[in-house]
Amino acid sequence: MSEGCGRSTDKEFARFLEISIGSTNETEYLLLLSCDLGFTSKDKIADLNATLNLIRQKLIQLRKKLLNNN
């Protein structure tokens, strides 16, 4: 997302936020996969998932705000 901060328009920055939101989705999948493969348990990733969901919500809110200002 640091690449997006240097963009000249809100629309360009919003595009990088979309990419970041996609990355949170990928991370969530990889955490679930690590459980399925037996590398960790759902209990151990519960806090990570909660933090990940909070980050995703904040990214979505920021993206909406940027796009609504245009």
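## Arg15, Glu18 and Arg63

Let's start with Arg15, which is partly exposed at a relative accessible area of 45%. In this predicted model, the Arg15 side chain meets that of Glu18 in a salt bridge, with 3.1 Å from N to O. Both residues belong to helix 2 and sit 3 residues apart, about one turn of the helix. Glu18 is also partly exposed, with a relative accessible area of 32%.

Glu18 has another partner too: Arg63 forms a salt bridge with Glu18, and the closest N and O atoms are 2.8 Å apart. Because Arg63 lies in helix 3 (residues 42–68) and Glu18 in helix 2, this pair ties together parts that are 45 residues apart in sequence. Arg63 counts as partly exposed, at 23% relative accessibility. Taken together, Arg15, Glu18 and Arg63 are linked in a network of salt bridges.

## Glu28 and Arg56

The structure holds 3 salt bridges, and one of them joins the side chains of Glu28 and Arg56 at 3.4 Å, N to O. Here again distant parts of the chain are linked, with Glu28 in helix 2, Arg56 in helix 3, and their positions 28 residues apart in sequence.

How accessible are the two partners? Glu28 counts as partly exposed at 26% relative accessibility, while Arg56 counts as buried at 12%. The cut-off for buried is under 20% relative accessible area, so Arg56 falls within that class.

## Ile21 and its contacts

Ile21 is a good residue to look at next, and it lies in helix 2 (residues 10–36). Ile21 is buried, with a relative accessible area of 13%. Leaving aside residues up to four places away in sequence, Ile21 touches Arg56, Leu59, Ile60 and Arg63. Two of these names are familiar from the salt bridges: Arg56 pairs with Glu28, and Arg63 pairs with Glu18.

Ile21 can also be placed relative to Lys58: the two are 37 residues apart in sequence, and their C-alpha atoms are 9.6 Å apart in space.

## The chain as a whole

Stepping back, the chain has 3 helices and 0 strands, and along the sequence the pattern reads α-α-α. Of the contacts between residues at least 6 apart in sequence, 60% join residues at least 24 apart.

As for the surface, buried residues make up 24% of the 70 residues in the chain. The accessible surface comes to about 5200 Å², and carbon and sulfur atoms account for 54% of that area.

Conventions
Residues numbered from 1 in each chain as written. Predicted model: local features only at pLDDT ≥ 70, side-chain atom pairs only at ≥ 80, totals over all residues. Heavy atoms only, no water. Helix = DSSP H or I, 4+ residues; strand = E, 2+ residues; numbered from the N terminus. Buried < 20%, exposed > 50% of the residue type's maximum accessible area, 1.4 Å probe, protein only. Contact = heavy atoms within 4.5 Å. Areas by Shrake-Rupley, 256 points an atom, 1.4 Å probe, with all protein chains shown as cover. Salt bridge = Lys/Arg side-chain N within 4 Å of Asp/Glu carboxyl O.
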